[in-house]
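This report describes selected features of a two-chain protein model. The sequence and the structure are shown first, and the description follows.

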Amino acid sequence: MSTQAVDNTLEDPTRRAPLVLNHDDFTSVTEEICRVNESPRPPKAWYVSIAISSMLASLFGVLILYLVFTGVGVWGNMNPVMWGFPIVNFVFWVGIGHAGTLISAILFLFRQKWRTAINRFAEAMTIFAVVCAGTFPGIHIGRVWLAYWLFPIPNQMEMWPQFRSPLLWDVFAVGTYFTVSLLFWYVGMIPDLATLRDRACGKIKAIAYGFFAMGWRGSMRHWHRYERAYLLLAALATPLVLSVHSVVSFDFAVSQLPGWHTTIFPPYFVAGAIFGGFAMVVTLAVPARQWWGLKNFITMRHLENMNKIILLTGSMVGYAYLMEFFIAWYSGSLYEIFAFVNRATGQYAWAYWLMAFCNVAAPQLFWFKRLRRSIPVMFFVVMCVNVGMWFERFVIVVTSLSQDYLGSSWGYFTPTWVDIGMLVGSFGLFLTLFLLFIRYLPVIAMAEVKAIMPQADPHAHGGHGEEVKA
Amino acid sequence: MPSLNDSKPTGQAYWRSLDHLADTPEFRVFMHREFPAGASELLDSADRRHFLKIMGASMALAGLGMAGCRRWPQEQIVPYANRPAGRDPGVPVQYATCMELGGAARALLATSHDGRPTKIEGNDRHPAGRGAADIFAQASVLDLYDPDRSRSVLREGKKATWREFTDWASGHFAGLRDSRGHGLAVLAEASSSPSLRAMRRRFVELYPRATWHEYEPLNNDGEVEGARLAFGAPYRTHLDLAHAAVIISLDADFLGVHPDALRHIGDFAAGRRADDAARTMNRLHVFESDFTLTGANADHRSAVRSADIALVAAFFAARILGDEALKRFEEDAAAGRALTTELRRDLEAAVTDLQAHRGSGVLVAGPRQPAQVHLLMHLMNEALGNVGRTVAYTRQPDQPGHAESIHALAGRLEEGTVQTLVMLGGNPVYNAPADLRFVSLLEKAAVTIHLSDYNDETSQWCDWHINRAHYLETWGDGRAWDGTYSVCQPLIEPLFQGKSALELLAALTDDGFATGQSIVQRTFTDMVGGENGPLWRQTLHDGLLAGSAPPKETPAVDRGGLHQATQALFARWSASSGGWEVVFSPHPTLYDGRFANNGWLQEVPDPMTKLTWDTAVLLSPAAAEELGVSRGDMVRIGLADRSIEAAVMIQPGLPARSVILPLGGGRAFEGRICTGAGFDFYRLRTSEMMSFAGGATITKIPGSYELATTQDHHTIDVETVAGRSIQDRLPALFREADLEEYRHHPDFARHRTHVVHRLSLFEEDLPHQAGEGDYAWGMSIDLNACVGCGACIVACQAENNIPIVGKDQVKRGREMHWIRVDRYFKFAERSDKYDPNRVQAVAVQPVVCMHCQNAPCEQVCPVAATVHDKDGLNVMVYNRCIGTRYCSNNCPYKVRRFNYFDYHRRGPLRAQPGRLLQVEDEYFTEKSATPDELKQLQFNPEVTVRMRGVMEKCTYCVQRISRARIVAKNAYAQLPQAEKEKRKDRRIAIEDGAITPACAQTCPARAIVFGDLKDPDSRIAGLRRHERSYEMLEELNVKARTTYLAKLRNPAPGSWDGAGNGAAHEAPAHGNNSQDGGGAEH
């Protein structure tokens, strides 16, 4: 198994570019992917990263305790800006959680075979991002111990939640999304878990993998049921990709606050979420393929495809930014016009222009093939997008709230160290979960990858198969 | 609790309770206390004084309806077998009392909940306030429960008792009596109390060689001296603003810090209603340095240095009195420069106005101004025929001025002729003129005795500190500004066994009448000429003695001193006209600093600057630009050989080179509230320059200081988009017109904004909006009446258990006030730009919850914690609230307040600058399991005390609504059946006016009206139909229940700069007479 450089990004209309490099048979694929879980010692980078990220995750936990015992005043939230970092972080993380299911479900339904190399960890990323996202609305409320009142639990007072509130829709939307994503991820993982079970050398491992593999034996019937289930889940998950962030955007769009009350929000949020999600996938994929030697599976072609999506969705987001201005002007409403002019020129102009640079300007580099195939450029751009997408939510939440109708009530939001600590801490939680996932679960969907190799379809011609020797 | 098994009293068959069996100390106390409090003490025959006290209290209980005069919370809960007459547990009772401040009494009604005074309101029978109370009186109830109050007598700083003091004093003062008071001096606060005056006479009789001095840092020496110049005797000026058509203020803040401000506000507002057929209203011209409340309400305001007010007065006098000598001011080159073209135009307009309204105009000069300005004022009022119509006088006792008096005392102390100094209140170490160096003077007296609420700056240097009783704890009396007599009646026994000035004087004069009550009653008897029990009880009940005000006089003004006065004035002006001017001004919320440890008053924003928790150097934007300073920068101000360093606050509308220094900050007393609040400007104030002085220097120094405001959290420069935007949207939010426009277009307010559409996609007539309930509550706020004093804020705070949050939290915009008074400056436009140096007008707008029928907050709450009741109230269910804060985000008026912390359980922490991790200081210290015990006593039991994490907001005082409804329902239930059946609508009517929310109750301008919109005859329904009625942000279709009446301004005809001329009001795209847009429903 050689790892010589192969350029699979060339477009040759007569043949399809291979999606798996340097592999002729299934065994070597299994070997290479399972090595990530089976090698006795993970790379040093793993230890360093998990040390840092688990420290940050603990910081997150400690800060949550501090928050619960002291009061939400430990944050910078204030009178006009009642929602600050926690909600910004929530929307940010929910957005990150979009790419996974999009790759898994929509690309699956569209038969985009290149998805197989990245779908597993994109889905994992989704789950972990939604975990982070779900934490924030739970702890941001004033009386955390009563968060369960958000759920429609029958009670002696016959008190139901208020179904007109977008926050309640959020509870359902995010809850459904999380459940379906988790199921989708888990169901897709069953054949691979069985592989790990079969190869396990320790008893504990065998039992653990065996438990989750649910007795998978690889029989025809299993495969048949499995593929049906996977297809159905994909169909179920597809509308959710669109609905979750649409519903999250209703938190803003349904209110009457200038800068929030905008009909463009649902598609704009979805595009933004896909944009941010793909950027995060690339952010994670680049180091992961380096450290665990997965370059044969997550090839430059994969990265390039994702970069193209980033360019597309980034431009959609840019269009939305412009359209907001147009509509504000077109509305003729003093408050509406002010909300947007003020975003670009007011006290938070720095955040607005940082966002515009990161989300609209930076991805334009991807018009150039050379740049979108360059790892450093790509990494720079996706880091920009990560920052920019966080600031997009900051701009929407904070600038709109800080200066609304009555000039007397305006204020300027300043985060506290707890705000910043929690933002960093949530990254810690996310990365910790992700690093544990890489170590203990199959990072690449082996069964699916094998299905798109030419060997899986010996009678076909011109499929993704023959390697193009560069 | 001790173990029950260990039962010592064997053989006893029955126990009264398990506690008796357990024989706990609590139980013993309870046994001891089973009979009414104090009864057990009766058995102690040793204490004669105590016996008298209890007898006094019993008398009060028996005859005077003083059932509330006890401290109930210390008792165990013992249900009554027979309820005492006149006492319904849980039903609050109001008692009339009064509070003295700066030598004038405020007549009040104090609410007592089961023996705890909880709220102060104005006495509605009293002519001065007519039910209103100012912020000082309202907040004084918090002082009663101030945990920092001094709790005992102190001897050289060590705890002592009143008994020890009287033992010591009887010896010491016996010696003084022998020497007929040689070496004895008394320093008292200004007081109008007839009893104190009587005690003073006794004191002086007993100690004829003693001297009596009076000092108030905020005094009206200039006014009194001016009256002396004019009439040859001290007279007090009384204004009748209700009948004034033209009012000229010469540096006088008669609507702000003035002992009679409540009457002035009421009359002023009444004179502006423009409800008569001809739609007339008064016109106010203000010439002042500091931007005061009075200036904010002016139709024409000119920012003039306090020194230059002399020129303004002379300008008026020259024209009105036609005196040639006065013209020399104008002829003087420097004076000519000071009288700028703009100012001259304003002056001419004012003079024309005055001359056109002879007999219905009035000139008022401020206490800051020298006597000569007052003389000119008296002369002009007389010449214009205003005396007897809009101005009247009452004779005052002849005594030296305050500055002179304390100066004399200082001289005697300096000489060493005073060995014993008795200070009845006051805090001279803090607020005496700085050149006297009062601390070093105190050391020269052998014995110093200080009666004070706190162990404050002065007490700390004194040999004896006597803890003073709060006015709600003690008997006293006083006269209002107009001279009406009121008795100060206690509602509670002294919490810390404090003494009043009367009681201290009684002890020092060995008066047989030792209790405040007997002293006051003696005075009363002397005053009404003999025992008159019914009249005494009537006076106590009403809170005033009818007809006790001295008759108004119209003494003739002596013109003889005019020339001399003019010369003196000119000399004074020349001396103080150069350089930077410093102006010492009373603090609108801290007064002279005595309220600095009152959390409500620290947190209620200054009406103009909106600054809380601080005093700062106020500079105009032009001056700030000249000095290169911005808000929060530190400056050094030098005056003569003194200098101080303080932070800058930028205040538009000040004269360019005038520096306003509000007094009352920088207390050195370590109270938990006042520590670190503001800067002490008394240190610049000398006996020569008590009010203002020229020739000061001001320089920027390194460093900055954080200031916390409730509005404009960061300076909003009108040059920025945000600043311009506020100016642009003001016409729609705060609707106003000139009187002239109002006459032609009475419904102007409805056409100020173009309501695009009010059609909704949805079915909106939900049951509560259709008005399913019996009532439809609504509120109307008359912007034309409101002067912006902020009394409503404190009233609401007291009524609704609203916590203070501290400077750090205000800085973060987390103040909890349910009602706020928005203040906007309207800047003049110059070449398409707003000029921050030219304030055209001020808009003040109280904002409460609008109780929208189509409430945006209700739609978004996920747990239905804020809902509508059937009477149309937008109610907040604290128990249900989980604190998502979405409601506040969706509230266009931003009236919702969130409990970020358990504010009731935290001390009002102050920011510790320069600390990165502020965990302890910010959030943990002084946090206790329950609110402070003392503070708890103030709580209104009818209002929930909110915990952290819940949202709250104005409820329209729902507890008051409920109370009125219960009364109405009870009355209905007692009607005969036939009577009930006769009622067709089956609606239990609540009389209009039976419900007044706390804000409306205390509003001196009567700007806030509350009532039932369903009752077509109610005042509120009438106001809703009023042509000036409008709904703020009506384009959002929230259907607010709180509406406003638009403001009217009355600029002089043809004036160059109408304070609010029509052109300035037109928002972009809105014509004056634009039709309401399609679908408008009216």
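Which backbone oxygen does the side chain of Arg439(A) reach? In this predicted model, the side chain of Arg439(A) reaches the backbone oxygen of Pro40(A) at 3.5 Å.

**Contacts between distant parts of chain A**

Arg439(A) belongs to helix H15 of chain A, which covers residues 417-440. With a relative accessible area of 11%, Arg439(A) is buried, because the limit for a buried residue is 20%. Leaving aside residues up to four places away in sequence, Arg439(A) touches Val36(A), Asn37(A), Ser39(A), Pro40(A), Pro42(A) and Trp46(A). The C-alpha atom of Arg439(A) is separated by 8.5 Å from that of Glu38(A), although the two residues are 401 residues apart along the chain.

Another such pair involves Met453(A), which lies in the segment after helix H16 (446-451) of chain A. Met453(A) counts as buried at 3% relative accessibility. Its C-alpha atom and that of Leu21(A) are separated by 9.6 Å, with the two positions 432 residues apart along the chain.

Helix H12 of chain A (residues 349-361) also has buried residues, namely Ala349(A), Ala351(A), Tyr352(A), Met355(A), Ala356(A), Cys358(A) and Asn359(A). Their cover includes helix H9 (265-291), helix H10 (300-331), H11 and helix H14 (375-402) of chain A.

**Helix H25 of chain B**

Helix H25 of chain B runs over residues 721-733 and has 13 residues. From its first C-alpha to its last H25(B) reaches 18 Å, close to the 18 Å expected at 1.5 Å a residue. The helix is mostly covered, with 10 of its 13 residues buried. Among the buried residues are Ala722(B), Gly723(B), Ile726(B), Arg729(B), Leu730(B) and Leu733(B). The cover of the buried residues includes elements from both chains: helix H11 (334-345) of chain A, and strands S29 (820-830), S30 (833-847) and S36 (1029-1030) of chain B.

**The interface of chain B and chain A**

On the chain B side, 63 residues are in contact with 63 residues of chain A. The area buried between the two chains is about 5,400 Å², and carbon and sulfur atoms give 57% of that area. The rule finds 33 residue pairs in polar contact across the interface, both residues being at pLDDT 80 or more. At least two residues of the side of chain B that touches chain A come from each of H25, S29, helix H30 (856-860), helix H31 (886-889), strand S33 (897-898) and helix H32 (919-924) of chain B. The largest share, seven residues, is supplied by H25(B). By residue class, this side of chain B divides into 33 nonpolar, 15 polar and 15 charged residues.

The count of salt bridges between chain B and chain A is one. It joins the side chains of Lys894(B) and Asp404(A), at 3.0 Å from N to O.

**Positive phi angles in chain B**

Two loop residues of chain B are set out below.

| Residue | Phi | Loop in chain B | Relative accessibility |
|---|---|---|---|
| Gln497(B) | near 55° | between S18 (485-488) and H19 (501-508) | 53%, exposed |
| Trp613(B) | about 60° | between S20 (611-612) and S21 (617-619) | 1%, buried |

Gln497(B) has its positive phi as a residue other than glycine, and Trp613(B) likewise is not a glycine. Gln497(B) counts as exposed, whereas Trp613(B) counts as buried.

Conventions
Residues are numbered from 1 along each chain as its sequence is written. Chains are lettered from A and ligands numbered from 1 in the order in which they are written. This is a predicted model: local features need pLDDT of at least 70, side-chain atom pairs count only at pLDDT 80 or more; totals for chains, interfaces and linings use all residues. Side-chain values use heavy atoms; hydrogens and water are left out. Helices (H or I, at least four residues) and strands (E, at least two) are DSSP runs, numbered from the N terminus. The expected span of a helix is 1.5 Å times one less than its number of residues. Buried means under 20% relative accessible area, exposed over 50%, partly exposed in between (1.4 Å probe, protein chains only). Contact means heavy atoms within 4.5 Å. Buried area is the accessible area (1.4 Å probe) that two parts lose on being put together, summed over both. A salt bridge is a side-chain nitrogen of Lys or Arg within 4 Å of a carboxyl oxygen of Asp or Glu. A polar contact is a pair of N or O atoms within 3.5 Å; within protein, one must be able to donate a hydrogen and the other to accept it, and residues adjacent in sequence count only if both atoms are side-chain atoms. Ala, Val, Leu, Ile, Met, Phe, Trp, Tyr, Cys and Pro count as nonpolar, Asp, Glu, Lys and Arg as charged, and the others, Gly among them, as polar.
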